[in-house]
Every structure is written in C-alpha cells, then in structure tokens.
Amino acid sequence: MAELAGAPDGALNIGSVCADRHVRLGRGAATAISWLGRRQERRDITYGELAEQSGRIARVLAGQGLEPGETVAVLLGRIPELYGAALGIWKAGGVYCPLFAAFGPGPIKARLELGKAAILITSDELYARKVASSRAALPHLRQVLLVGEDGAIAVLPQGCADLRALVAAAQPMEAVPTTPDAPAFLHFTSGTTGTPKGVLHPHRAVLAHLVTGRKVFGLTEADVFWCTADPGWVTSTSYGIIAPLVCGAALVADEAELEPRRWYGILHDEKVTAWYTTPTAIRTMMRYGAALARSYRENSLRVAASVGEPLNAEAVMWGQKALGVPFLDTWWQTETGAITIANGPGTDRRPGSMGRPLPGVEAVIMRCEAGTPKQVDGIDVVGELAIRTCWPSMFSGALGEETRYGDCFRDGWYFTGDLVKRDKDGFIWFVGRADDMIKCGGLQIGPFEVEGSLMDHPAVAEIGVVGKPDMLVREVPVAFVSLNPGFEAGDALRAELISYARQELGAGMAPREIHFVEELPKTNSGKIMRRVLKAKAMGEPDGGDILSTLPPCPGRYDDE
Ligand code: 6R9
C-alpha cells in the first residue's frame with residue numbers, strides 16, 4: 001500500500017493513484033490513453049491531461065452537490081470522457097457505476113433505481129433513447145450531465161446540463177482523501193433469482209489491480225495495454241481503466257466493436273504489448289482464418305489473455321500460433337474484482353484449464369455433505385470453487401442486500417457458484433456454473449466439458465450445451481451449434497457430430513439432440529445465455545428474464 005499512498009491519513013483514492021501520482025512522479029507527459037474513434041479519429045491523452053481533466057470533472061460533480069459515497073452512473077460508449085469521468089468520480093469520493101450502453105430503457109431504469117444514482121453521466125443521444133422516458137420516475141436522480149455525441153448539444157433537454165461546458169469552466173480539484181474501505185465502484189451482475197445484484201468494491205481493490213497488472217501481464221511504464229471489454233462490464237473497470245493506469249502503462253481505447261481486420265490493425269499500429277480479450281473475440285478471429293493473422297504477425301505483442309468464459313485448448317493453441325505469443329486464460333468474477341486464477345505468468349501453463357490461483361490467493365474446491373461444505377482434496381473431483389476472503393479486491397457488499405451478501409460466505413470462504421476440478425498439478429478446470437449442471441441419470445454433466453469436446457470438431461464454430469428435462473433420466477444434454485464457413489447444417493452433419501461426441505465423451509455425456517443456429521445468444525459480456533437455450537430446448541420461444549443467473553451461495557451443489 002505504501003507505494004500507492006501519498007494522500008494524508010492513510011487515505012487511498014483510485015482516481016488519484018491512477019493519474020495524479022504519475023504526475024507527482026514526473027510522468028505527466030507520458031501517454032495514458034490512446035483513443036481510437038469509430039470514424040478513424042484519434043486522441044492521445046497524457047497522464048498530466050488525465051489528472052487535470054478528472055480533477056475538473058470531480059469539481060463539477062462536487063459543484064452538483066455530490067456527497068462522498070453517492071453513486072454516479074455512467075452510460076457511455078468508449079469515448080474519451082469515460083476515463084475522465086471514472087477518475088473524476090473517484091476523486092470526488094463518489095461511486096462509479098457503469099452501465100451497458102446496449103441495455104434498453106427498462107434495465108437502465110432498474111439499475112439507476114437500485115443503485116440510487118444521484119447523478120448520471122451519459123450522451124445526449126443515449127439519454128434521449130434510453131433514459132428520458134423514465135426520468136420522472138427516478139426521484140434519486142438529481143442531475144444528468146450530457147456529453148454531446150457529435151460535438152455541441154443542439155438543444156439541452158430539461159433537467160440536464162452540458163458536461164463539456166461545465167468542465168471547461170471548472171478548476172481542477174484535489175482528490176478527497178477516501179479511506180481504503182470507502183466504496184469506489186458498483187457493477188450489477190445478473191442473478192437468476194430476478195433482481196440484479198449490485199456488487200460493491202472499495203478503493204483498496206486497486207492493490208489487486210496493481211499486483212495483477214504487474215504479475216499477470218507484466219505491465220510497466222513501457223507497455224501499451226489493450227483491453228477490449230465493454231465499459232459496462234467489470235473487466236473494463238478493472239483492466240480497461242484501473243490496472244493499466246495504476247501501472248503507468250498507456251492504454252488503448254477503441255470505440256468500435258469487434259471486427260477482426262480492425263483489431264489486427266490496432267494490435268500492429270498501436271504497438272500493443274499486452275492484450276486482454278474474450279474467448280468470443282478469439283473464436284471470431286479463428287473464423288477469419290490464420291492467413292489474415294499471419295499478415296499482421298510483425299507486432300510488438302508480448303502476451304495475450306482472455307476472460308469471461310472458458311477458453312478451450314484449441315483456441316489457446318490457435319491464438320498462440322496466430323499471434324506468436326503466450327495466450328493465457330484468466331478466471332475471476334465481478335465479485336472478486338480482479339484476476340484470481342490464471343494460466344501463467346511464466347511458462348507453466350496448461351491450455352484448456354483456467355490456471356492456478358495467483359500468489360496470495362487461496363482457492364479450494366468444496367462439496368456439501370449434509371448441508372456443510374467440506375474441502376475436497378481429490379484429483380478430478382468436481383465441487384464448488386471457494387476463495388479465502390483476504391484478496392484486496394473481494395467485494396465489500398451487495399447493494400442494500402445484506403442477507404444476499406452474507407449468503408455468499410461461510411467460514412471465511414467466498415463461494416463462487418462455479419464448479420471446477422483440479423488436476424494432479426494443481427491446475428483448475430472449469431466444469432460449469434453450479435446452476436448450469438446437467439443431471440442425467442446418475443451423471444452430473446458439466447456443459448463445458450461437452451462443449452469443449454465438440455469444439456474440436458472442424459465444423460463447430462460455437463456451441464452451447466444445456467439440459468433438457470427427460471421423464472426417464474431427469475435431464476439429457478442438448479447442443480446448440482453454430483457452424484464454421486463451408487459446413488452445411490443438416491441431418492448428415494447432425495449424425496456425424498453426435499457420433500463424434502459419443503466417441504469422445506461416451507454415450508452418457510454426448511448430446512442427444514443437436515440444433516443448428518446462426519448465432520448463440522450472448523450477454524453483453526459475451527457469456528452464452530444458457531437459460532435462453534434451455535427455454536428453446538423446451539420449445540419455448542425465449543428465455544424470459546434473460547438478464548438473470550443464480551447468485552453464488554454455498555451448498556447449492558449438494559451430494560444427492
Ligand atoms: C470477469 C468476469 C464471472 C463468471 C464466472 C465464470 C465465468 C469468467 C472464466 C469463466 C471459465 C474463465 N468465467 N472467466 N469461466 N473460464 N476463464 O467475467 O466477471 O461477468 O462477473 O462473470 O464468468 O462462470 O463465475 P463476471
């Protein structure tokens with residue numbers, strides 16, 4: 001913590017350590033952000049400029065009466081203001097709460113309500129489309145600060161102010177001396193029980209971002225780090241903003257969406273040294289082929305990594321070959337705030353596994369016996385992943401839901417809701433979410449194991465496996481498959497895939513049905529929405545409240 005201190009009284013403020021600290025250390029002229037616009041614009045922002053800009057935004061927020069600990073929601077695409085806003089909110093002592101711009105008015109309203117957002121920072125265009133209609137029903141929302149999407153805002157809607165105009169007139173403000181335990185950021189994760197869970201993290205989480213930035217990605221001031229996550233996802237807050245900045249690296253912010261040709265161009269032209277992306281991105285790049293990757297082979301990349309979903313060994317091998325660098329899987333959750341398990345750093349990696357707990361992280365596998373969780377030591381025994389709660393970025397609360405928060409912990413362990421197993425060398429393998437397990441006769445089938453095996457078939461581009469209710473055996477595995485170019489959906493391929501799976505997995509685990517789809521339904525953070533697939537498997541048109549997944553809580557994986 002000493003390295004990050006600087007404010008009086010042991011205070012720790014993420015906004016200050018990510019920008020002002022570098023200025024104090026004489027690095028004000030170094031690049032903090034290289035922003036690439038959708039229309040080929042670019043803007044380079046130095047640490048000095050970021051410190052000043054965020055200080056001005058903090059002043060504007062304080063001027064709007066923001067009290068420390070109040071929530072400021074941010075509904076923005078990857079535009080330069082996103083970064084000044086996040087740091088400015090922290091400097092003003094507020095809680096940064098980013099929302100997915102892809103959400104519709106309903107989910108946005110629900111989150112503004114649940115988070116009791118006092119101020120919202122958004123664009124004029126997003127405000128008109130997604131917030132204006134529910135504004136009157138949001139009494140907590142005192143002010144909306146708008147950023148003009150195309151420069152100036154023609155007509156300022158009632159009850160809104162122009163952020164850029166206010167910022168231009170404001171004097172930068174010093175960060176308020178927040179304590180390490182003061183709340184800093186809030187993300188809503190979806191829960192199957194209905195309401196989204198508001199996961200809160202304190203300022204001290206930045207220690208985990210510093211450590212993982214350095215240890216997993218090897219970040220130094222010489223690095224150019226690119227994290228492709230959407231601003232609404234925790235991955236953007238932790239690695240798209242905090243980790244590279246606290247490490248003093250330059251971060252790349254690309255406004256555009258995933259497009260392999262553009263992405264290879266950015267890796268090459270921006271001399272990206274460390275890249276953090278998702279399995280979906282890698283699989284999309286695989287679809288575009290190795291020849292395209294090879295044409296960009298001359299790059300500055302040192303390491304690439306993925307998060308959010310299981311990364312199959314085939315994608316790891318492809319990524320390593322195509323990019324010519326180690327490709328790591330990393331595991332973590334909104335609740336853990338930062339990477340907790342990773343394949344690497346170093347050469348000791350096992351493609352297809354999530355890796356091993358980082359130094360300082362204690363992770364065990366638990367099974368419930370008569371309602372009491374017990375640690376399992378065996379090799380390849382499936383149980384729920386649990387983590388000792390001392391990791392600095394572990395969440396400090398579930399907003400307004402103490403019971404729900406408490407339910408995630410038992411005896412000093414945090415229960416993740418993920419089912420995993422461990423191999424003889426201590427590498428942890430993802431099996432599935434506890435709530436996604438398929439119970440088929442006496443078998444517990446992890447959807448990922450079935451998916452991973454079929455991913456090795458050349459026809460399969462993406463796959464989602466779910467359990468379909470069955471009179472006889474309770475549930476049977478059913479697969480939804482999107483195909484690679486050159487393969488034709490039909491009975492012949494269906495039969496071939498089923499027989500392939502039987503050979504690989506055995507008849508018990510192989511899918512009983514295969515449905516071909518153009519694309520798999522995904523959440524905004526790229527996770528396959530198994531509930532939608534499950535509804536489809538049962539003949540329902542959609543999955544109802546698709547924003548939901550079960551919150552972690554101990555004991556869900558009981559021995560039966
Ligand atoms: C950072 C983030 C967390 C859930 C997690 C797990 C899945 C994440 C994974 C992975 C297999 C990996 N997940 N990383 N599954 N291998 N490397 O994704 O946070 O959006 O809260 O999701 O994502 O199921 O429990 P969040």
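This report describes the aromatic rings of a predicted model and the charged side chains that sit over some of them.

## Aromatic pairs across the structure

When the whole structure is searched, 18 aromatic pairs are found. One of them joins Trp 263 and Trp 275, whose ring centres are 6.1 Å apart and whose planes meet at 85°, an edge-to-face arrangement. This pair links distant parts of the chain, since Trp 263 belongs to helix α9 (residues 260-269) and Trp 275 to strand β12 (residues 274-277), with the two positions 12 residues apart in numbering. Both Trp 263 and Trp 275 are buried.

## The pair of Phe 395 and Tyr 405

The centres of the Phe 395 and Tyr 405 rings lie 4.9 Å apart with their planes at 80°, and because angles over 60 degrees count as edge-to-face, the pair is given that description. Here too distant parts of the chain are linked: Phe 395 is in the loop between β19 (383-388) and β20 (397-398), while Tyr 405 is in helix α13 (residues 402-406), 10 residues apart.

The two partners can also be described by their accessibility. Phe 395 has a relative accessible area of 2% and is therefore buried, whereas Tyr 405, with a relative accessible area of 22%, is partly exposed.

## A cluster, and charges over rings

Phe 217, Phe 225, Tyr 239, Tyr 276 and Trp 332 come together in one aromatic cluster.

Rings in this model also have charged groups over them: the charged end of Arg 356 sits over the ring of Phe 427, at 4.4 Å from the ring centre, and Arg 388 lies over the face of Trp 413, 4.2 Å from the centre of that ring.

Conventions:
Residues numbered from 1 in each chain as written. Predicted model: local features only at pLDDT ≥ 70, side-chain atom pairs only at ≥ 80, totals over all residues. Heavy atoms only, no water. Phe/Tyr/Trp six-rings, centres within 6.5 Å; stacked < 30°, edge-to-face > 60°. Helix = DSSP H or I, 4+ residues; strand = E, 2+ residues; numbered from the N terminus. Buried < 20%, exposed > 50% of the residue type's maximum accessible area, 1.4 Å probe, protein only. Lys NZ or Arg CZ within 6 Å of the ring centre and 35° of its normal.
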